[in-house]
Amino acid sequence: MPLGRLCMVVHGPFPPDPRVSRAVAVAIAEGWEVDVLATRQPGQPVVERVDGARVLRLPIVHRWGAGARATVREYLGFTVLASARVARLMARRRYDVVHIHTPPDFLVVSALLPRLLGARVVLDIHDLSPDMFAMRFGGRRGSRFADRVLRRLERLAARFADEVLTVHEPYRRELAARGVPPDKITVVMNTVDERLLPPARTPRREDDFRVVYQGTITPPYGVHLVVEAVARIEPEMQLEIYGDGDSLGTIRSLAESLGVADRVRFSGRFLPQAEALDRIQLASVGVIPNLPTPLNRFALSTKLFEYVALGIPVVCADLPTIREHFGESELLFFRAGNADALTTALLEIRREPEAAARRAAAALRRYEGYRWARHASRYAEVLDRLGRRPAGER
C-alpha cells in the first residue's frame, strides 16, 4: 500500500519542469502514489506514466509571450479544467495531499473539494505572481489595480494552504512581509538533483572556448546581451543556447543581424535535464545574464546551480539574491543589463583560465550547503507532517 496519495497541479508542461520533477521523485521515493495534472504540449499523450508518476494532461497549451488577456484566459481556463478534473479524481483516488505549483496563485482553488474532504494543501510559490505580472505588463492601463488584486490573491492562497513552499530565503522574507505567517513557509531550493549529473568526460581543449546559456529565452533574462557580447569577441568564441521561450525567434534574428549566426547554436527546444547537463558539462563558461528588473532582484535560477555543480566557471549579472548566495571569489559578476561589462567578463575568463578555475572550485565548495539532498529532506518532512496530521487540524 502507498504511504499516501498525492496530486500535483502545475500550469505548464510536465516534463521538463525540474522543480516539479524533483518533488515527484522525492514523493515516490518516500512511498507516495503520485498523479500530476499539467498542460498538454503538441505531440504529448493525454495520459502517460513518467518516472513512476501518472501524468494527466489537460487540453490547454502553454504559450510563451502571450498578451495580458490571452495569459489570463489561459490561466483561468487551466484552473477551471484542473478544478473539475481534481474533483472527479478525488471521488476515486481520495488524495491525502494536493500540491499546487504556482503561478497563478488562484490555481489553489483546484484543491477546494479535496480540502473540504480532508486533504491537505501545499502551495508552492515558484515566483511572486504580482512581480511577474509587473515584469511583463507593468505600466499598462489597469496594472496598479491588477497588482492589488494579485497581492490579495497571494495572501488568500497562502491562507488557504496548510503549507507554503518557496525557492529561497529572500522569497521567504518577502512573503512574510506580505502577510504570510513565517511558520507556514518552508524553503525548498531549486538546486540540482545530482543523480542527473553526467559522468565526467575528457577535459575540454583550451582553444575550444564554449559559452553556454541554458534555460528560458525571454526578454527579462537578457539572452540578447550574451549574443551581443559574443559578437564583439574573436571568432573562436562559440555560443550555445539550450532552451525555448517567447524570444527564441528574436534571438535568432539578432545573431543573424550581427553576423554571428555561424557561431551561435540553438537547441530550439527545452531538453530533458539529464541531456542538457550532458551537453553543457564541458563548457568554458556559463552565463546568467538576467536584467535588473524588480522580479530579477530575487532571481536564483536552477541553471546557476547546474553550472556550479558541473564545475563550470560562471559569469553572472550582479543582482541581490545571487549575491546573497555566492560571492566575488566564486562567481565573476558584471553590471546587470550592460553588454560591454559582459563582454569584458567573458574576455577575462578567456584570458585568465586559472583564476576562472579557482572561482569555479570555490563556488562548488559553497554549493555544498545548497545540495539537493538537504532540500529533498525538507520536502519529505512536509509530506510526512501533512500525511500524519489528523483531519480538521489547522
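Visitor: Buried or exposed: which describes Glu 240 and Arg 210?

Guide: This is a predicted model: local features need pLDDT of at least 70, side-chain atom pairs count only at pLDDT 80 or more, and totals for chains, interfaces and linings use all residues. Residues are numbered from 1 along each chain as its sequence is written, and side-chain values use heavy atoms, with hydrogens and water left out. Buried means under 20% relative accessible area, exposed over 50%, partly exposed in between (1.4 Å probe, protein chains only). Glu 240 and Arg 210 are both buried.

Visitor: How far apart, N to O, are the side chains of Glu 240 and Arg 210?

Guide: Side chains of opposite charge can pair when their charged atoms come close. A salt bridge is a side-chain nitrogen of Lys or Arg within 4 Å of a carboxyl oxygen of Asp or Glu. Glu 240 and Arg 210 meet in one, with an N to O distance of 2.7 Å.

Visitor: Which strands does this pair link?

Guide: Helices (H or I, at least four residues) and strands (E, at least two) are DSSP runs, numbered from the N terminus. Glu 240 and Arg 210 are 30 residues apart, so the pair links distant parts of the chain. Glu 240 is in strand E10, and Arg 210 is in strand E9.

Visitor: Which residue stands opposite Glu 240?

Guide: Two strands pair if DSSP finds at least two bridges between them. Six bridges join strand E9 (residues 209–214) to strand E10 (residues 237–242), and the two run parallel. Opposite Glu 240 in E10 stands Val 212.

Visitor: What is the strand order of the sheet with six strands?

Guide: The sheet is open and its pairing is parallel. Its edge strands, each pairing on one side only, are E11 (264–266) and E14 (332–334). The order is E11-E10-E9-E12-E13-E14.

Visitor: Which helix lies across E9, E12 and E13?

Guide: Contact means heavy atoms within 4.5 Å. Axes are lines fitted to C-alpha atoms, for helices over the stretch in contact, and angles run from 0 to 180 degrees between N-to-C directions. Helix H9 (residues 273–280) lies across E9 and E10, at about 160° to E9. Across E9, E12 (285–288) and E13 (314–317), at about 145° to E9, lies helix H10.

Visitor: Where do Arg 279 and Glu 275 lie?

Guide: These two form a salt bridge, with the closest N and O atoms 2.7 Å apart. Arg 279 has a relative accessible area of 32%, so it is partly exposed. Glu 275, at 27%, counts as partly exposed too. They sit four residues apart, about one turn, in helix H9.

Visitor: How many strands form the sheet with mixed pairing?

Guide: The sheet is open, in the order E3-E4-E2-E1-E5-E6-E7-E8. E3 (47–50) and E8 (185–187) are the edge strands, each pairing on one side only. The twist averages 25° from one strand to the next. The number of strands is eight.

Visitor: Which residue of E4 does Val 36 stand opposite?

Guide: Strand E2 (residues 32–39) pairs with strand E4 (residues 53–58). The sense is parallel, over five bridges. Val 36 stands opposite Val 55.

Visitor: What is the nearest side chain of opposite charge to Arg 359?

Guide: Arg 359 is in helix H13 (residues 353–367). It is buried yet has no salt bridge. Lys and Arg count as positive and Asp and Glu as negative, while His and the chain ends are not counted. The nearest opposite charge, 4.0 Å away, is on Glu 348.

Visitor: Why does Ile 233 count as buried?

Guide: Ile 233 lies in the loop between helix H7 (223–231) and E10. Neighbours within four places in sequence aside, Ile 233 is in contact with Arg 263, Thr 343, Leu 346 and Leu 347. Ile 233 counts as buried because its relative accessible area is 5%.

Visitor: How many salt bridges does the count give?

Guide: Arg 371 and Glu 368 form one of them, with the closest N and O atoms 2.5 Å apart. Elsewhere, Arg 5, Glu 33, Asp 35, Arg 54 and Arg 93 are linked in a network. The count comes to 23.

Visitor: What is the radius of gyration of the chain?

Guide: The radius is taken over C-alpha atoms, and the globule rule is 2.2 Å times the number of residues to the power 0.38. With 394 residues, a compact globule would come near 21 Å. The chain agrees, at 21 Å.
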